[in-house]
Amino acid sequence: MERVVLVTGASGGVGLALCQRLLEEDGRIHLCIACRNEQKSEATRDLLLATHPTAQVSTVEVDLGNLASILRAARELRCRFQRLDFVYLNAGIMPNPHVNFKALWHGLLTGKVLHMLTTAEGIMTQTDRLNGDGLQEVFATNLFGHFMLVRQLQSLLCGNEKPSRLIWTSSSNARESAFSLSDYQHAKGQESYSSSKYATDLTSVVLNRKFNGQGLYSSVVCPGLVMSNMTYRILPVFLWKLLMPIMWLIRFFAKTYTLTPYNGAEAHVWLFKQKPEYLDSLVKYHSCTSGLGKCYVEPRKMDVDEDTAEKFYQKLLELEEQTLEKYCDLLD
């Protein structure tokens with residue numbers, strides 16, 4: 001039987017490039033693209049079928065920042081499929097990003113500017129807000145929505161003849177210093193994106209401990225610095241045009257400057273071809289590109305504390321229990 005692959009955030013950027021590359025790798029898969037906008041889903045499906053006319057491509061509408069939408073989508077997927085082989089948890093948001101030019105200038109003077117430019121450490125802030133479910137929007141969309149989706153799809157992911165895979169899109173911007181167990185939704189800080197990505201790393205680590213025995217394996221990847229709609233919102237377009245030649249030059253020194261969505265999907269596709277039993281659950285797989293444009297994958301040990309991961313997982317379960325009480329009518 002063909003492998004079933006679900007990709008969230010598939011309508012653009014790394015998600016779209018990933019879908020195209022997966023169909024190039026194996027045209028026999030059943031690719032299910034998950035987007036929050038039905039029109040974008042259909043447009044993405046048409047685009048994929050234009051280059052792969054015999055491919056099996058379906059769509060499901062899901063807004064990862066809306067719990068009711070997640071529960072409806074999960075119910076639909078459970079009705080439609082008997083199993084899921086791969087779930088790429090790729091959708092994400094970075095609302096109202098701002099560059100701290102003062103910190104950037106300080107990094108230039110202290111010789112730390114290359115590190116800051118490759119990780120965005122200290123120079124990127126965001127303004128978050130509450131969503132309709134009363135959760136911090138970035139936490140809900142980037143982490144908790146995906147966690148809820150996985151929990152609701154557990155019957156399709158566990159106990160299959162062959163292992164199932166979760167592959168989370170994390171970031172080199174995932175930093176322990178931006179995350180706090182006492183404020184895991186990051187309501188009090190200005191680095192909600194970094195916090196949500198560190199929370200992603202913690203979640204992947206503990207899911208392996210809980211579910212490897214049931215045939216479910218989790219990995220995290222970093223696509224590097226990719227020029228996408230999310231990135232273009234950080235600075236005015238004219239500034240990006242001025243900076244692009246410099247960014248291509250920086251790539252000779254910063255291998256994580258993948259720049260294009262195709263390059264950014266390198267680690268995602270590499271994991272598609274690996275046997276999960278031989279992967280290290282404490283490693284993040286980074287998409288990298290050489291100065292001359294050659295793509296490759298670099299594994300790097302994650303800076304995560306497994307005890308913190310366990311405590312955070314328990315907090316996620318508690319939050320899940322609280323939120324599900326509001327949506328009894330959408331549960332089987």
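This is a short talk on one strand and a few salt bridges in the structure above.

Hi everyone, and thanks for coming. Please keep in mind that this is a predicted model.

Let's start with strand β4, which covers residues 86–89. In a regular strand, side chains alternate between the two faces of the sheet. So what happens on each face of β4? Both are covered: Phe86 and Tyr88 are buried on one side, and Val87 and Leu89 are buried on the other.

Now for the neighbours of β4. Strand β1, residues 4–8, runs parallel to β4, and three bridges join the two. If you want a spot to click on, leucine 6 stands opposite valine 87. Strand β7, residues 164–169, also runs parallel to β4, this time with four bridges. There, leucine 89 stands opposite tryptophan 168.

On to the charged side chains. How many salt bridges does a search of the whole structure find? The count is 17. I'll walk you through a few of them.

One is between arginine 3 and aspartate 26, with an N to O distance of 3.1 Å. Arginine 3 sits in the segment before β1, while aspartate 26 is in the loop between α1 and β2, so this contact ties together parts that are 23 residues apart in sequence. Is each partner buried or exposed? Arginine 3 has 31% relative accessibility and therefore counts as partly exposed. Aspartate 26, at 9%, counts as buried, because the cut-off for that is under 20%.

Next, have a look at arginine 151 and glutamate 320, again a salt bridge at 3.1 Å, N to O. This pair links distant parts of the chain: arginine 151 belongs to helix α6, residues 137–152, and glutamate 320 to helix α13, residues 306–324, with their positions 169 residues apart in sequence. Arginine 151 is partly exposed at 26% relative accessibility, whereas glutamate 320 is buried at 7%.

My last pair is lysine 284 with aspartate 201, whose closest N and O atoms are 2.9 Å apart. Here a strand meets a helix: lysine 284 is in β9, residues 283–289, and aspartate 201 is in α8, residues 192–211, 83 residues apart. Lysine 284 and aspartate 201 are both buried.

Finally, which residues do salt bridges with shared partners join into one network? They are Arg209, Lys210, Glu306 and Glu310.

That's my tour, folks. Over to you for comments!

Note on methods. Residues are numbered from 1 along each chain as its sequence is written. This is a predicted model: local features need pLDDT of at least 70, side-chain atom pairs count only at pLDDT 80 or more; totals for chains, interfaces and linings use all residues. Side-chain values use heavy atoms; hydrogens and water are left out. Buried means under 20% relative accessible area, exposed over 50%, partly exposed in between (1.4 Å probe, protein chains only). Two strands pair if DSSP finds at least two bridges between them. A salt bridge is a side-chain nitrogen of Lys or Arg within 4 Å of a carboxyl oxygen of Asp or Glu.
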